[in-house]
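Q: Please take a close look at the pockets of this protein. What lines them, and which residues lie nearest the centre?

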Amino acid sequence: MEDVFNWQINRNMKYPYPAAKPEKQFAAVFDINKCIGCQTCSITCKTTWTAGRGQEYMFWNNVESKPYGGYPLYWDSKLLEKLGGGKWANKTYEGKTIFEKAAEENLSVKGFLPALEDWSYPNMGEDEIYGGQVTQGMHIESLPHPIWFFYLPRICNHCSYPACVAACPRQSVYKRPEDGIVLIDQSRCQGYRQCVSGCPYKKPMYNATTNRSEKCVACYPKTEAGLHTQCMEHCIGKIRVQGWINPPDKADPTNPIDYLVHVRKIALPLYPQFGTQPNVYYIPPTHVPPPYLTQMFGTGVEAAIKAYKDAPSDTTLKGLLVLFGSCAELMTKFEVKNDIAIGYNSKGDIVAQTPIVEPNVIREHYDKKLDVYRLDVT
């Protein structure tokens, strides 16, 4: 085991390989507050990548309802139980990661292989509410809500310390040095499913027809061309932004991902205690009690929610939030000036531009010039 630093748990940890430092790292931010669970992302991914034989049950992008949903079933609660819990001391995680827990048993990764039927219910628990029932005439005014659920969209996290890479005995899973995207070499894979067992997020999936494991490829042909992935581009709720993330000590405040993750810290990793340093980040939902969110996103939840709720008076943050989903090209830089939010690609060209306050025009109901009513007066 190598000694590596994981900034998300604020300490060194053990990992089977030395830390890989790609030239740039694929990353994304999802705003959960805006997700409506329409599954457009799931369908656009499936029709692009997993429409073949043996892929019938595969959703490289899925959207599940929390707290009861999960694809595969109970993927997170099962692993949390195996890890045995862990505490945070301020920003430092004092429990064991999946690599450290595995070392106690002379393994590479602590995980489990879901049963085949566990992949058969991607919508299990959808829209199920925690905290009671909605009664006729009920009106909720306060935050967080006493009864709640939320949608959690998920893709491969293209982790900095991928468990799938650590678990594969064939070294068929690899992290690309040019962009940090994690892929499975189909010519080397023998279908041992160690990557499925090892990945804490259960995003590698087994194809029984080809006897190979497969996973989200971050739409690398589009990413290489400077374009958003299919799930990012087609999200009708405009909850997603994709780009590149720098280490915290090299954060660039003009980089959209760096600004949300490192500067304003409103976007948080999913289950950072697993230790893989995932590179998909979430803006936590404001209506959910913080204790539940803290076990899912770490100790920065309450500060993130406060910053998000203050966004209406924060011109820069508000400007970046309205740029989500506003263009097909990757937005690597942004600025807000004169109440206009502007996004740029890697060449410095403008790829998105929008006012941060929607123009509001009220027309008179009677047009004197044309002597006509604009409203239905009958």
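A: What follows covers the two pockets in turn, then a helix pair. The model is predicted.

Start with the largest pocket. About 700 Å³ of space lies in it. Its lining is made up of 25 residues. Nearest the centre of this pocket are Ala20, Lys21, Asn246, Pro247 and Gln277. Two strands, β1 (2-6) and β12 (240-245), each supply at least two residues of the lining. β1 gives the most, with three residues. By class, the lining of the largest pocket holds twelve nonpolar, seven polar and six charged residues.

Now the second largest pocket. The space in it comes to about 440 Å³. It is lined by 18 residues, and Trp7, Gln8, Lys91, Lys265 and Leu268 are the closest to its centre. Here α8 (256-263) and β13 (268-269) each give at least two residues to the lining. That lining divides into ten nonpolar, six polar and two charged residues.

Last, the helix pair. The axes of helix α9 (residues 290-297) and helix α10 (residues 301-309) come within 9 Å and cross at roughly 110°. The crossing angle therefore makes α9 roughly perpendicular to α10. On the α9 side, the contact involves Pro290, Leu293, Thr294 and Phe297. They meet Val301, Glu302 and Ile305 in α10. By class, this contact of α9 with α10 has five nonpolar residues, one polar and one charged.

Definitions and conventions: Residues numbered from 1 in each chain as written. Predicted model: local features only at pLDDT ≥ 70, side-chain atom pairs only at ≥ 80, totals over all residues. Heavy atoms only, no water. 1 Å grid on protein atoms, 1.4 Å probe; cavity = no way out; pocket = protein on both sides within 12 Å on 5 of 7 lines; lining within 4 Å. Points joined across faces, edges and corners; volume = space filled by probe spheres on them. Helix = DSSP H or I, 4+ residues; strand = E, 2+ residues; numbered from the N terminus. Nonpolar A, V, L, I, M, F, W, Y, C, P; charged D, E, K, R; others polar. Axes fitted to C-alpha atoms, helices over the stretch in contact; angles between N-to-C directions. Parallel < 35°, antiparallel > 145°, perpendicular 65-115°, else oblique. Contact = heavy atoms within 4.5 Å.
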